[in-house]
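Student: I have a structure to go through, and I want the reasoning behind each label. Can we take it term by term?

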There are 2 protein chains.
Amino acid sequence: MGGAGGAKEELGVVESREWYLSAYAPDGVPTSEHLKLRTLSLSLGPDSIPDQHAAVKLLWISVDPYLRSRMTGQEEGLYFPQFELNQVLIGVGIGRVIRSKSSEFAEGDIVINLFSPIAEYSVVPNASLRKIDADPTSKISLPDYLSSLGVPGFTAWVGIVVLGNPKPGSNVYISAAAGGVGMVAGQLAKLKGCRVIGSTGSDEKVKLLKEEFGYDDAFNYNKETDFDAALSKYFPNGIDIYFENVGGKMLEAVLNHVNHGARIPVCGMISQYNKRWTEREGVRNLLNIVGKEVKMQGFLLGSYFDRFGDFMEEMVGHVKQGKIHSKHKIYNGIESFLESFASLFSSSNSGKVVIQVV
Amino acid sequence: MGGAGGAKEELGVVESREWYLSAYAPDGVPTSEHLKLRTLSLSLGPDSIPDQHAAVKLLWISVDPYLRSRMTGQEEGLYFPQFELNQVLIGVGIGRVIRSKSSEFAEGDIVINLFSPIAEYSVVPNASLRKIDADPTSKISLPDYLSSLGVPGFTAWVGIVVLGNPKPGSNVYISAAAGGVGMVAGQLAKLKGCRVIGSTGSDEKVKLLKEEFGYDDAFNYNKETDFDAALSKYFPNGIDIYFENVGGKMLEAVLNHVNHGARIPVCGMISQYNKRWTEREGVRNLLNIVGKEVKMQGFLLGSYFDRFGDFMEEMVGHVKQGKIHSKHKIYNGIESFLESFASLFSSSNSGKVVIQVV
């Protein structure tokens, strides 16, 4: 009950645009045949908000590769369940509370929602909201909460710090290195004293990795005809940690260069997302993990939420001290969701892809 | 100096047959073109034995699949280094000390050597020998030291107990289940309260798994046209631990049936040993390890030697109490090495393959 209820009685029915899935896309990059925008009328009057709920106006959306796995229509045991057809899409969002039926949140609060409807306005339970300290004097911007301090940053931290066990001098290879997760993973490994090499999809991003994110070296995988030869060149002393974002032929090449006891935290395999599994590239040299005693481990953030506090403590420090930088590729307006999502699979982006909704 | 030196002054030059590698075999099952037997004259007189060495007459040889990886001539980072051409082969052997230049060993001692020349007689450093308590009243036979109490048993124990983390009720799948490692792995998992299913290459061995080794169920993979369908049938509740001995298509099928948090200790991949890596079966669904947070870990015994005492304590208890049985496929005479080794890749054997040399 109560809280800020009634402060904006004039707030009534709004037009809210939202994205939904109209057809599953078992392979290929989803198009406007699959992802559609529609406008709904939504009542935000005080009687329309249930107790312990809030009405939220969306400010920022995080555009993430893992969403692809929820659009195939095929249960592969991947991440989260499939999106339901004709239901609004769900992603990580930052919004402003515009009406609250709870003492926990007040109008004007800036909140993050890991399961936010990709809709201009939504009415959601308190339990899915967490308040963000939107201090204007802080060195932390709102999109930082979707990158270094958000899901990509936490993903990078779990992979590098928790599973990677980095030591000073460890040879670390990050694929998809200029993406939202990769850019943080590489910077974290550098902070642990590692030698860090990244691969990415354009010369411009190679430059970014070396000049802005402090990678020791980087290469454009589109220019390498032989990944094996590239890794021989960049890792004369082998690979101790491979932060796996890509899969397929790149993983196969890496397995020919792993050192004894190497760790491969597997965050995702973006090169394989748009193919049915039987069409994916097979990895033929898995036997190498025996002789080199490699540990390859898939992970999802849900299993590490008990470490979120540790992560935030460490990462807020790094961000405030300017030791971890984030680059954001910002699309504008909720209507840009399809374009921004498709861009994830084109290697055209640098940094974390986000949408500034308003 | 000294020890039993001089007790058998009459022991002079012996004729000793030994196996050596005359050519590498990059693919296929090695034949008499690659593995050859020769006879050497070996002096075992007291002046021929260096200090801290012993002369050993070989009694038993362990015939193991991993030896294949030392015969390819290709450094793949697998297990041990390649055998040198024209040098005697090395395997795990049990022998009797026939002359000693050390107070640690006396004539007549029964010893095990993890790096034994596959030769009727050899002169080896003490450091590679460990005495076996060959107590005739014990329930432990000499070949047990090459199976449940030897390298295969320790391998099974590391995979199941150390890496597999078995719980009562865990669903455990063992491939190559009637082999030297598999038979112990399955019995260990049963002792931990798991539900254990094995696959093997003949109906006779299926029977063995169920009737002698206590598997809950087992199937003949040669009769299954669709591994995926077979696993659906035998694992309606999914797989929690897969003890990986096989690789290729079987691993791929398993990855479609893993439960959340499944463990895959990777002991070896026998289906892949006789192929060059680029010809091996690619595994296309590795992406499943992300969504199911699977931990796949290659292991070699060398990294677990500090646990050998724990293993022996547990396993000697099991063997003496009749809780772990071993079956041995015994070949006779050192001349049978090639035949016995080739048999490992034919699915014609049940149990641990050993040679009784004399």
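Tutor: The questions below set values against cut-offs. Keep in mind that this is a predicted model.

Student: What makes the two copies related as by a two-fold rotation axis?

Tutor: Chain A can be laid on chain B by a turn of 180° and a shift of 0.0 Å along the axis. The RMSD of that fit is 0.0 Å. The two copies are therefore related as by a two-fold axis.

Student: Which C-alpha of chain A is nearest the axis?

Tutor: That of Gly282(A), 1.8 Å from the axis. The same surface serves both copies, since 100% of the contact residues of chain A recur in chain B.

Student: Which strands pair across the two chains?

Tutor: S13(A), residues 295-298, and S13(B), residues 295-298, are joined by three bridges. Pairing takes at least two bridges, so these strands pair. They run antiparallel. Met296(A) stands opposite Met296(B) there.

Student: What else does S13(A) pair with?

Tutor: Strand S12 of chain A, residues 258-266, through four bridges. These two run parallel. Arg263(A) has Lys295(A) in S13(A) as its bridge partner.

Student: How do you know that both faces of strand S8 of chain A are covered?

Tutor: Look at the two sides of residues 171-174. Asn171(A) and Tyr173(A) are on one side, Val172(A) and Ile174(A) on the other, and all are buried. Buried means under 20% relative accessible area. S8(A) is also joined to strand S9 of chain A, residues 195-200, by four bridges, and the two run parallel. In S9(A), Ile197(A) is the bridge partner of Tyr173(A).

Student: Why is helix H1 of chain A called mostly covered?

Tutor: Of its 13 residues, 10 are buried. Among them are Phe154(A), Trp157(A), Ile160(A) and Leu163(A). After H1(A) comes Asn165(A), with a positive phi near 50°.

Student: What does helix H1 of chain B show?

Tutor: It is mostly covered, with 10 of its 13 residues buried. The buried residues include Pro152(B), Gly153(B) and Val158(B). Asn165(B), just after H1(B), takes a positive phi of about 50°.

Student: Why is Ser343(A) called buried?

Tutor: Its relative accessibility is 7%. The cut-off is under 20%, so Ser343(A) counts as buried. Ser343(A) is found in helix H8 of chain A, residues 337-343. Leaving aside neighbours within four places in sequence, it is in contact with Tyr331(A), Ser348(A), Asn349(A) and Val353(A).

Student: What makes Leu114(A) eligible for the nonpolar surface patch?

Tutor: Leu114(A) has a relative accessible area of 31%. A patch residue needs over 30%, so Leu114(A) passes that cut-off. The label for Leu114(A) is partly exposed. Leu114(A) sits in strand S5 of chain A, residues 110-117. The patch is about 370 Å², made by Phe80(A), Leu114(A), Phe115(A) and Phe305(A).

Student: How do you know that Asp216(A) and Lys190(A) form a salt bridge?

Tutor: The N to O distance is 2.9 Å. The rule asks for within 4 Å, so the pair qualifies. Asp216(A) is in the loop between helix H3 and strand S10 of chain A, and Lys190(A) is in helix H2, 26 residues apart.

Student: Are these two buried or partly exposed?

Tutor: Asp216(A) has 39% relative accessibility and is partly exposed. Lys190(A), at 28%, is partly exposed.

Student: Why is it said that Arg17(B) and Glu120(B) tie together parts of the chain?

Tutor: Their side chains meet in a salt bridge at 3.1 Å, N to O. Arg17(B) lies in strand S1 and Glu120(B) in the loop between strand S5 and strand S6 of chain B, so the pair ties together parts that are 103 residues apart in sequence. Arg17(B), at 29%, is partly exposed. Glu120(B), at 15%, is buried.

Student: Which parts of chain B does the pair Asp64(B) and Lys352(B) link?

Tutor: The loop between strand S3 and strand S4 holds Asp64(B), and strand S15 holds Lys352(B), 288 residues apart. This salt bridge is 2.9 Å, N to O. Asp64(B) and Lys352(B) are buried.

Student: How many salt bridges are there over all chains?

Tutor: The count comes to 27.

Technical notes: Residues are numbered from 1 along each chain as its sequence is written. Chains are lettered from A and ligands numbered from 1 in the order in which they are written. This is a predicted model: local features need pLDDT of at least 70, side-chain atom pairs count only at pLDDT 80 or more; totals for chains, interfaces and linings use all residues. Side-chain values use heavy atoms; hydrogens and water are left out. Patches are made of residues with over 30% relative accessible area and no salt bridge: like charges are joined within 9 Å, nonpolar side chains (Val, Leu, Ile, Met, Phe, Trp, Tyr) within 5 Å. Accessible areas come from the Shrake-Rupley method with a 1.4 Å probe; for residues, only the protein chains shown count as cover. Buried means under 20% relative accessible area, exposed over 50%, partly exposed in between (1.4 Å probe, protein chains only). Copies are superposed by least squares on the C-alpha atoms of residues with pLDDT of at least 70 in both. Contact means heavy atoms within 4.5 Å.
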